[in-house]
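Good morning, everyone, and thank you for making the time. Please have the sequence and the structure open while I talk, and stop me whenever a term is unfamiliar.

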Amino acid sequence: MEVFPLRRSHSFYSSTLTAETGSATELLVRYIMSGRGRRITDEEINELISKLQALLPAESRRRNAGRMSASKLLKETCSYIKSLHREVDDLSDRLAGLMTTMDSNSPQAEIIRGLLRS
Amino acid sequence: MVALRFLRALSLVRCSGPGARSPSYRARGIRRAAYACMAASAGPRRAWSRALLRKIRRRPGRGLRRPRAVIRRRRPVGGGDPLEVALRRLVPGGGCMEYCRLLEEAADYVKCLAMQVRLMQTIVDSASHVNSID
């Protein structure tokens, strides 16, 4: 069985585990320290990491070929979510601008009405 | 499903606003509709969709409401890592989740957000395309 590179230090209030930053072990340590009893395996964590990595856009995946470290993955996910929020705001502005120029008899409105009817 | 819901919401935004409404007011309404449709289509299984709908439906300035008896974990998880804290802040309802749950919810949230962005882009593209034909 693989020996995880963990170090344990004890204090009066808590027992802490530390691991090398950015590893899958780090995620496992965080999970243990979150205090939940459900047993989670290393494979499940790897699966979560690869699932998140698969959702990131293609250019980000190309930049980080192969497995990303956990901290890199978190950083990329955060920046991707922020960029998606910005895109939603931008597209809402554009849609609002387009809708002011649309009147109710235009073909666009007819298309939308047709879609809503079906 | 989410497309139909969003188009219906868009038509409501149009009907409710007469010509005097500013575009920024309408844009805010569209943005709120987009998030609401996204969360409603995701369903109540996901914590992020529940948190998002709660935030949207909570009207500001109504005063204190009587809290309902809901068993929900309220204790915020103290994070040491600034990246984890940032992710918790970005994902709706992420403040009180376990770490692995946070990763799962973030994955689902990213997927639905990307789909919503693609949908809005398609609508904008087709509307501007029809505009340019005239």
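Let me begin with a term: when I say helix, I mean a DSSP run of H or I that is at least four residues long, and the helices are numbered from the N terminus. Please also keep in mind that what you see is a predicted model.

Let us start with the overall make-up of the two chains. Chain A has 5 helices and 2 strands, and if you read along its sequence you meet them in the pattern β-β-α-α-α-α-α. Chain B has 5 helices and 0 strands, so its pattern is simply α-α-α-α-α, by the definition of a helix that I gave at the start. As for burial, 38% of the 118 residues in chain A are buried, while in chain B, which has 134 residues, the buried share is 43%.

I would like to spend some time on helix H2 of chain B, which covers residues 23–42. How far apart should the ends of a helix of 20 residues be, at 1.5 Å a residue? The expected span is 28 Å, and since the end C-alpha atoms are 28 Å apart, the model agrees with that expectation. Many of you will want to know which of its residues are hidden, and the buried ones include Arg26(B), Ala27(B), Gly29(B), Ile30(B), Ala33(B) and Ala34(B). Further along the helix, Tyr35(B), Cys37(B), Met38(B), Ala39(B) and Ala42(B) are also among the buried residues. Just after this helix comes Gly43(B), which takes a positive phi of about 90°.

Met38(B) also gives us a link to another helix. Its C-alpha atom is separated by 10 Å from that of Val117(B), although the two residues are 79 apart along the chain. Val117(B) belongs to helix H5 of chain B, and it counts as buried because its relative accessibility is 7%, where the cut-off for buried is under 20%. For contrast, take Ser11(B), which sits in helix H1, residues 2–16, of chain B. Ser11(B) is partly exposed, at 21% relative accessibility, and its C-alpha atom is 35 Å from that of Leu103(B), with their positions 92 residues apart in sequence.

Now to the charged residues. Side chains of opposite charge can pair when their charged atoms come close. How many salt bridges does a search of the whole structure find? Over all chains there are 7, and I will walk you through some of them.

In chain A, Lys72(A) forms a salt bridge with Glu76(A), and their closest N and O atoms are 3.9 Å apart. Both residues lie in helix H4, residues 70–101, of chain A, and they are 4 residues apart, which is about one turn of the helix. An α-helix has 3.6 residues a turn, so residues three or four places apart point the same way. Lys72(A) is partly exposed at 31%, whereas Glu76(A) is buried, with a relative accessible area of 10%.

Another bridge pairs Asp89(A) with Arg31(B), and here the closest N and O atoms are 2.4 Å apart. This pair crosses between chains, running from helix H4 of chain A to helix H2 of chain B. Both partners are partly exposed, with relative accessible areas of 30% for Asp89(A) and 36% for Arg31(B).

In chain B, Arg101(B) bridges to Glu105(B), with the closest N and O atoms 3.4 Å apart. These two residues are 4 apart in helix H5, residues 99–133, and are therefore separated by about one helical turn. Is Glu105(B) buried or exposed? Glu105(B) is buried, with a relative accessible area of 0%, while Arg101(B) counts as partly exposed at 32%. Both belong to a network of salt bridges that also links Arg46(B), Asp108(B) and Lys111(B).

Let me finish on the surface of chain B, where Arg50(B), Arg54(B), Lys55(B) and Arg58(B) gather in a patch of positive charge. Arg58(B) lies in the loop between helix H3 (47–57) and helix H4 (82–90) of chain B. Arg58(B) counts as exposed because its relative accessible area is 53%, and the cut-off for exposed is over 50%. Thank you, and I am happy to take questions.

Note on methods:
Residues are numbered from 1 along each chain as its sequence is written. Chains are lettered from A and ligands numbered from 1 in the order in which they are written. This is a predicted model: local features need pLDDT of at least 70, side-chain atom pairs count only at pLDDT 80 or more; totals for chains, interfaces and linings use all residues. Side-chain values use heavy atoms; hydrogens and water are left out. The expected span of a helix is 1.5 Å times one less than its number of residues. Buried means under 20% relative accessible area, exposed over 50%, partly exposed in between (1.4 Å probe, protein chains only). Patches are made of residues with over 30% relative accessible area and no salt bridge: like charges are joined within 9 Å, nonpolar side chains (Val, Leu, Ile, Met, Phe, Trp, Tyr) within 5 Å. Accessible areas come from the Shrake-Rupley method with a 1.4 Å probe; for residues, only the protein chains shown count as cover. A salt bridge is a side-chain nitrogen of Lys or Arg within 4 Å of a carboxyl oxygen of Asp or Glu. Lys and Arg count as positive and Asp and Glu as negative; His and the chain ends are not counted. The place of a charge is taken as NZ of Lys, CZ of Arg, CG of Asp or CD of Glu.
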